Amino acid sequence: MSFQHEHVKAQSNSVQKTFTDSNYHYNLTYPLDWEIAPRNSTFPYYGETTALVLRPVMDEHVTPLNEIFFSISISNVKRSLEDSQLLPSGFLDKLVTDKISSFHDQSSIYGNLNVKLLGNNYTRLADQPAKELTFLARNIGTFEVDTYTIYNNQLYHFNFISPQSNVLEMYKQFQQ
């Protein structure tokens, strides 16, 4: 990333931080009790396309199975869009359909997790059409929301993961 910074501001009677990434042209406001996860953390937060991972400020009892986090991954899909000859909305539909198919494929990472699909919806992110996939991975007790949108030939993948036990409280923060 070429430039990034954080600042703290008061908004709607609560103090929040804002992360700005000028390389991909986005701002993200998040709760004061969350932090940017370090790239060298022991939990594998950062993949090849991961731009940012946020998590609640850590305590000593956090493990990969009970951790809550929100990540943003960004990848250039110009070539994929051209090769598939799909419009961005069709590309997103195919992406989500493929992920849902992986829930029942024993060779995928989801194959043995007893995934229950909760939602497959159209939504909007910053005035861009988006797809939102919500599901439970029951064998490991996690709730997950994947939201995808395409802007300027970049695929933005927003991923929220929480233990099922914390869903109600944490998902409200994520939606904001």
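In the legends below, helices (H or I, at least four residues) and strands (E, at least two) are DSSP runs numbered from the N terminus, and A126 is accordingly placed in the loop between β7 and β8. The model shown in every view is predicted.

**View 1. The open sheet of 7 strands and the helix packed on it.** Read across the sheet, the strand order is β4-β5-β6-β10-β9-β8-β7, and the pairing is antiparallel. The edge positions belong to β4 (34-36) and β7 (115-125), each of which has a single partner strand, so that one side of each is left without a neighbour in the sheet. Neighbouring strands are turned against each other by 15 degrees on average when direction is ignored. Helix α2 (residues 88-102) packs on this sheet, where it touches β7, β8 (128-137), β9 (142-151) and β10 (154-163), and its direction makes about 155 degrees with that of β9. At the β4 edge, the antiparallel connection to β5 (residues 50-56) consists of 3 bridges, with W34 standing opposite P56 in β5.

**View 2. The largest nonpolar core and the surroundings of L54.** This core contains 18 residues, and those with the most contacts inside it are Y26, W34, L52, L54, F70, I72 and F160. At least two of its residues come from each of β3 (26-31), β5, β6 (69-76), β9 and β10. When neighbours within four places in sequence are left aside, the contacts of L54 are L28, Y30, W34, E35, I36, I68, F69 and F70. Another core lies apart from this one and has 16 residues, including L92, L133, Y148 and I150.

**View 3. Strand β8 between its partners β7 and β9.** Of the 10 residues of β8, 8 are buried, so the strand is largely enclosed by the rest of the structure. Its antiparallel pairing with β7 extends over 10 bridges, and within that pair L117 stands opposite F135 in β8. Towards β9, which also runs antiparallel to β8, there are 8 bridges, and the bridge partner of T134 is V145 in β9. The hairpin of β8 and β9 has 4 residues between the strands, and G141 in this hairpin takes a positive phi near 75 degrees.

**View 4. The hairpin of β7 and β8, with positive phi at A126 and D127.** This hairpin has 2 residues between the strands. Most residues other than glycine have a negative phi, which gives the background for reading the two residues shown here. For A126 the phi is near 50 degrees, a positive value in a residue other than glycine. For D127, which is likewise found in the loop between β7 and β8, the phi is near 65 degrees and thus also positive in a residue other than glycine. Are these two loop residues buried or exposed? With a relative accessible area of 76%, A126 is exposed, and D127 counts as exposed at 65% relative accessibility.

**View 5. Helix α2 and the elements that cover its buried residues.** The helix has 15 residues and reaches 21 Å from its first C-alpha to its last, close to the 21 Å expected at 1.5 Å a residue. Its buried residues are F91, L92, V96, K99, I100 and S102, and what covers them includes α1 (78-84), β7, β8, β9 and β10.

**View 6. Salt bridges in α1 and between α2 and the strands.** A search of the whole structure finds 6 salt bridges, and three of them are described here. The side chains of D83 and R79 meet at 3.4 Å, N to O; the two residues lie 4 residues apart in helix α1 and are therefore separated by about one helical turn, and both are exposed. The side chains of K131 and D93 form a salt bridge at 3.5 Å, N to O, and this pair links distant parts of the chain, with K131 in strand β8 and D93 in helix α2, 38 residues apart. K131 is buried, with a relative accessible area of 5%, whereas D93 counts as partly exposed at 25% relative accessibility. In the salt bridge of D146 with K99, the closest N and O atoms are 2.3 Å apart, and the pair joins strand β9, which holds D146, to helix α2, which holds K99, across 47 residues. Because buried means under 20% relative accessible area, D146 counts as buried at 0%, and so does K99 at 13%. K99 and D146 are also linked with E144 in a network of salt bridges.

Conventions. Residues numbered from 1 in each chain as written. Predicted model: local features only at pLDDT ≥ 70, side-chain atom pairs only at ≥ 80, totals over all residues. Heavy atoms only, no water. Pairing = 2+ DSSP bridges. Axes fitted to C-alpha atoms, helices over the stretch in contact; angles between N-to-C directions. Contact = heavy atoms within 4.5 Å. Core = buried A, V, L, I, M, F, W, Y, C linked by side-chain atoms within 4.5 Å. Buried < 20%, exposed > 50% of the residue type's maximum accessible area, 1.4 Å probe, protein only. Expected span 1.5 Å × (residues − 1). Salt bridge = Lys/Arg side-chain N within 4 Å of Asp/Glu carboxyl O.
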